[in-house]
Amino acid sequence: QVQLVESGGGLVQPGGSLRLSCQASGSILSIYTMGWYRQAPGTQRELVATTSSGGSENYLDLVKGRFTISRDNARNTVYLQMNGLKPEDTAVYYCYANLATALTNKVRGYWGQGTQVTVSS
């Protein structure tokens with residue numbers, strides 16, 4: 001059983017910062033891509049940022065220069081540092097990990113439960 005547990009969401013004023021964390025736990029053999037997606041009401045879930053096991057990163061154009069993704073492989077944890085937050089960043093943020101478990105040795109994607117980020121004055 002694999003779990004992704006997120007933390008760090010909340011309410012912040014425009015221009016403020018938040019740091020999201022997501023730790024994967026369970027019978028994990030290897031973690032490949034980790035990342036963050038978000039979904040605002042009435043919209044589709046969109047990719048925010050991802051980081052591969054090799055260190056390459058990918059960002060949504062709208063967040064480039066404001067958000068930074070990082071990971072701690074020893075802790076199976078991925079972070080999203082969000083600076084210069086705007087009201088349009090308001091959404092539920094979901095952690096994602098593409099990994100293989102010790103039980104099946106098969107690679108598949110797993111999702112966290114989501115954490116709310118609200119940017120408002």
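Trp111 is partly exposed in this predicted model, with a relative accessible area of 39%. That value falls between the 20% under which a residue counts as buried and the 50% over which it counts as exposed, which means the label "partly exposed" fits.

Let us stay with this tryptophan and turn to its ring. The structure holds three aromatic pairs. A ring pair is described by how far apart the centres are and by the angle of the planes. For Tyr37 and Trp111, the centres are 5.0 Å apart and the planes meet at 70°, so this pair is edge-to-face; the angle is over the 60 degrees that this class requires. Tyr37 belongs to strand E4 (residues 28-39) and Trp111 to strand E10 (residues 107-111), so their pairing ties together parts that are 74 residues apart in sequence. Tyr96 joins them too: Tyr37, Tyr96 and Trp111 make up one aromatic cluster.

Strand E10 (residues 107-111) is also a good place to look for a charge over a ring. Here the charged end of Arg108 sits over the ring of Tyr110, at 3.9 Å from its centre. A second arginine, Arg19, lies over the face of Tyr79, 4.1 Å from the ring centre.

Tyr79 leads us on to a serine. Ser21 lies in strand E3 (residues 18-26), and Tyr79 is one of its contacts once neighbours within four places in sequence are left aside. The others in that list are Val5, Glu6, Ser7, Trp36 and Val78. Is Ser21 buried or exposed? Its relative accessibility is 17%, under the 20% limit, so Ser21 counts as buried.

Technical notes:
Residues are numbered from 1 along each chain as its sequence is written. This is a predicted model: local features need pLDDT of at least 70, side-chain atom pairs count only at pLDDT 80 or more; totals for chains, interfaces and linings use all residues. Side-chain values use heavy atoms; hydrogens and water are left out. Rings of Phe, Tyr and Trp (its six-membered ring) pair if their centres lie within 6.5 Å; planes under 30 degrees apart count as stacked, over 60 as edge-to-face and the rest as tilted. Helices (H or I, at least four residues) and strands (E, at least two) are DSSP runs, numbered from the N terminus. Buried means under 20% relative accessible area, exposed over 50%, partly exposed in between (1.4 Å probe, protein chains only). A charge sits over a ring if NZ of Lys or CZ of Arg is within 6 Å of the ring centre and within 35 degrees of the ring normal. Contact means heavy atoms within 4.5 Å.
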